[in-house]
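Notebook open, coffee ready. I want to look up how a few pieces of this chain sit together.

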Amino acid sequence: MNEGDFDSQIRDMIKIGHWDIAYHTWSALHSGRGFPDWFLVRGHRVVALEIKGTNGKLTDDQVLCLELLRLTRKVESYALWPEDSDLAVNLLR
């Protein structure tokens, strides 16, 4: 599955989960290097998601950004591939 198709599935899961804020990076050209594709807020919960297609790989900048967000202990950060769909459903409901 390509990244765009998986991202569409994630978008649907986010709608079903009724997130208060669902920010999607418009284009990598217009965001900081490595910044996650999705930044979500619902209540006291903040989640950052980097979405990849089946053969997608994280860049070093993406790994660093997700780790720095995680280290705040205020942001849940994940990289998700299509095979992580069950995890995505659980995270986003």
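**Helix pair**

I started with the crossing of H1 and H3, which is right-handed (the near helix is turned clockwise from the far one by less than a right angle; anticlockwise would be left-handed). Helices here are DSSP runs of H or I with at least four residues, strands are E runs of at least two, and both are numbered from the N terminus.

Before going on, I noted that this is a predicted model, where local features need pLDDT of at least 70, side-chain atom pairs count only at pLDDT 80 or more, and totals for chains, interfaces and linings use all residues. Residues are numbered from 1 along each chain as its sequence is written, and side-chain values use heavy atoms, with hydrogens and water left out.

H1 covers residues 3-16 and H3 residues 85-92; they pack at about 25°, axes 9 Å apart. That makes H1 roughly parallel to H3 (angles under 35 degrees count as that). I then listed who meets whom: Phe-6, Gln-9, Ile-10, Met-13 and Ile-14 from H1 meet Ser-85, Ala-88, Val-89 and Leu-92 from H3.

**Tyr-23**

I found Tyr-23 in strand E1, residues 21-24. Is Tyr-23 buried or exposed? Tyr-23 is partly exposed, because its relative accessible area is 41% (buried is under 20%, exposed over 50%, partly exposed in between, with a 1.4 Å probe and protein chains only). Beyond neighbours within four places in sequence, Tyr-23 is in contact with Phe-35, Asp-37, Trp-38 and Phe-39 (contact means heavy atoms within 4.5 Å). Val-41 is 18 residues from Tyr-23 in sequence, and their C-alphas are 8.8 Å apart.

How values were computed:
Axes fitted to C-alpha atoms, helices over the stretch in contact; angles between N-to-C directions. Parallel < 35°, antiparallel > 145°, perpendicular 65-115°, else oblique.
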